[in-house]
Amino acid sequence: MAENQTSVGKSFLAGLWDENPVLRLILGMCPTLAVTTSLQAALTMGASVIFVLICSNLVVSAMRNLLKPHLRILMFTLTIAAFVTIADLFLKAYQPEMSAKLGPYIPLIIVNCIIICRAEACASKNGLLVSLADALGMGLGFTGALTVLAVIRELLATGQIVFTFSRSFTLIRLPDVPLFRMAGMAMPVGAFLTLGLMLGLVKLLTTKRA
Amino acid sequence: MSKLRFFWEQSWLLLVSSLIFGVLLAMADAALAPRIKRNETEKFTRLAGGMLPEAVRFEPVEPKIAVTASNGKTVEVEVYRGLDEQGRTAGWAFACEGGGFSDKIKLVVGVDGRFEKLAGFGVLSSNETPGFGDKITIPGGFFQKQFVGAPADKLTLVKAGRPEQIDAEIVAITGATVTSQAVVDILNTYVLAIRSALKEQGLLN
Amino acid sequence: MQTLESLLLGFIGIMIVNNLVFTKFLGTCPYLGVSGRIDTAFGMGCAVTFVVTLAGALTWTLDYLVLIPCGLDVMRYVCYILVIAAMVQLVEMYVHKFFPVLYESFGIFLPLISTNCAILGMCLFINLWGIDNLPEAVVLSAGAGLGFTLAICIMAGIRENLELADVPAALRGAPITLITAGLLTLAFMGFAGMIR
């Protein structure tokens, strides 16, 4: 039992830093780059991915002994697609603004490598508890990386961080200087450059520590 | 027979779970669909109602009006008639779209009751360049203001001029001429076609 | 003539101006992962072009013949991904059996790309843009595939030369690839607005 507990904790912590999907494994680049123009979009994306990841990991883990090898991938895809559709409907109903902004990137969670990779590498081999911990860790790690990227990009592009629910309110506002009005940061260029520099920094930190 | 059994053994999980997921999706859709539909109409009426403050409710005009868009395709447009408290026509509103700088621009356009003056436009969705083209989305910004009260007729885009003067000349956003031209083109295409169609139906005099 | 012109414009538009990799970030995973050598990159590009053209045509047909008439919009994502996954499997078996030479050049990439976001993304965009005829859907998806090939080949060419360059240790590998991608995107922004 004690051994079991450590592996639950381990698989949760692994996703946060050591095996962080974005920063260390370079998985799921497409949403990472596309939705980080604003913090709210990034958080919405993160929440959707966490939801889908938890559900698919649990389902796959529950049926892991019934899976036939060559139909495995098809089964994973089916499970993920079903939960993504539910997440998409939910967002359309309760967060219409965000749903319009994220557009096709919500359905594209289906082909997000993180989810299918976790189903294959973790959930189809481990019990429910470990799979759940793994999903939470990976999901939070993904959301964390997205949040950092989105904060940098939104602040540098618009000089402020704005949330919109029924009405919009500003979280942080920087002084009105040209440095904080780099429109390029909101464009694809900004996404690639920021993530590239961020990965470089992470690499620098980890090599120093080792 | 053994082949059938083999097939069943291999795929029963897939078939059963397809069924379960199908039911799950149907339930989620049934629970959320009315809300999604309401969200969409709410967004339209909020934008249209902001432009036509006297209108208290919007009724669709039957039948839908066919408009030939700039790329040669025919689009069916649902035009809404805004009615005031006494049931008189307070204005018209419709959603329309066209190609912008980087992606499609979708607008809601409001026109006054006699279809002579524009009541303005609002942006349903756009993906224009941040800092330049996306200035069309600022409600009450200098670009949107130029359309409030402008004649519901052919508009032209000029690169320099006086934006505070409300007329058929629209001053482009600096650095976003393509986006500005796209908005003017969308309005020209739809407003003229819908005006003549409404006249034909006898809804305008 | 109007249609031919708009087809051609749409084709060039999606290949260069609205390139999926540079403006929509679709297919970024293989774009960063499989772009180490120019011949593998080209093979990958060919496989994607082939599959995306077929997938675009198939999902459009499915959409207009089954999903929209039956009001089954909610099943769209599930159907799309199953069509793509099943099709990739079938194509792989077919090419393997009947065109072994072709299979050697790009067939090995086929299993990889059923989870390529460019494929599903393109099918979703065709639906989102409201493309209402089959030829246009086919032309657009073929253009998207060629655009992806163009992007990944340029990237592979640059990376082959980068191996000889003196890159700071921390930036080697993925970081410098992303920065290169950023600069390429900047270059392709010059085409923006050329075709509307």
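**Exercise 1. How many nonpolar, polar and charged residues does the lining of the second largest pocket have?**

Solution. The model is predicted.

Step 1. Begin with the space itself: the second largest pocket holds about 710 Å³.

Step 2. List the residues at its middle. The lining is made of 27 residues, and those closest to the centre are Ile73(A), Pro111(C), Leu112(C), Ser114(C) and Thr115(C).

Step 3. Assign the lining to elements. Two or more residues come from each of helix 4 and helix 6 (113-123) of chain A, and from each of helix 3 and helix 5 of chain C. Helix 5 of chain C gives the largest share, six residues.

Step 4. Sort the lining by class. The result is 17 nonpolar, seven polar and three charged residues.

**Exercise 2. Describe the contact between chain C and chain A by its residues, its buried area and its polar pairs.**

Solution.

Step 1. Count the residues on each side: chain C brings 37 residues and chain A brings 36 residues.

Step 2. Take the area. The two chains bury about 3000 Å² between them, with 85% of it on carbon and sulfur atoms. On the chain C side, Phe25(C), Tyr77(C) and Leu178(C) account for 23% of the area buried against chain A, more than any other three residues.

Step 3. Look for charged and polar pairs. Between chain C and chain A there are zero salt bridges, while three residue pairs are in polar contact.

Step 4. Place the chain C side on its elements. Helix 2 (20-24), helix 3 (28-33), helix 5 (76-98), helix 7 (117-128) and helix 9 (174-188) of chain C each give two or more residues. Helix 9 of chain C has the largest share, with eight residues.

Step 5. Sort this side of chain C by class: 27 residues are nonpolar, eight are polar and two are charged.

**Exercise 3. Which side chains meet in a salt bridge between chain A and chain B?**

Solution.

Step 1. Set out the interface. Here 25 residues of chain A touch 21 residues of chain B. The buried area is about 2000 Å², and 79% of it lies on carbon and sulfur atoms. Lys68(A), Leu89(A) and Ala93(A) supply 23% of what chain A buries against chain B, more than any other three residues.

Step 2. Apply the salt-bridge rule, which asks for a side-chain nitrogen of Lys or Arg within 4 Å of a carboxyl oxygen of Asp or Glu. One salt bridge crosses this interface.

Step 3. Name the pair. Arg46(B) and Glu97(A) meet at 3.7 Å, N to O.

Step 4. Add the polar contacts: the interface has three residue pairs of this kind.

Step 5. Locate the chain A side. Helix 4 (72-94) and helix 5 (96-102) of chain A each supply at least two residues. The largest share, 13 residues, belongs to helix 4 of chain A. By class, this side has 19 nonpolar, three polar and three charged residues.

**Exercise 4. Which parts of chain A does the salt bridge of Arg72(A) and Glu120(A) link?**

Solution.

Step 1. Take the total. Over all chains the count is 16 salt bridges.

Step 2. Check the distance. The side chains of Arg72(A) and Glu120(A) are 2.9 Å apart, N to O, and the rule accepts a pair within 4 Å.

Step 3. Place both ends. Arg72(A) lies in helix 4 of chain A and Glu120(A) in helix 6 of chain A, 48 residues apart, and the pair thus links distant parts of the chain.

Step 4. Return to the pocket of Exercise 1. Helix 4 and helix 6 of chain A are among the elements that give two or more residues to its lining.

Definitions and conventions. Residues are numbered from 1 along each chain as its sequence is written. Chains are lettered from A and ligands numbered from 1 in the order in which they are written. This is a predicted model: local features need pLDDT of at least 70, side-chain atom pairs count only at pLDDT 80 or more; totals for chains, interfaces and linings use all residues. Side-chain values use heavy atoms; hydrogens and water are left out. Contact means heavy atoms within 4.5 Å. Buried area is the accessible area (1.4 Å probe) that two parts lose on being put together, summed over both. A polar contact is a pair of N or O atoms within 3.5 Å; within protein, one must be able to donate a hydrogen and the other to accept it, and residues adjacent in sequence count only if both atoms are side-chain atoms. Helices (H or I, at least four residues) and strands (E, at least two) are DSSP runs, numbered from the N terminus. Ala, Val, Leu, Ile, Met, Phe, Trp, Tyr, Cys and Pro count as nonpolar, Asp, Glu, Lys and Arg as charged, and the others, Gly among them, as polar. On a 1 Å grid over the protein atoms alone, a cavity is a set of points where a 1.4 Å probe fits but cannot get out, and a pocket is an open set with protein on both sides within 12 Å along at least five of seven lines; lining residues have an atom within 4 Å of a point. Grid points are joined across faces, edges and corners, and a volume is the space filled by probe spheres set on the points.
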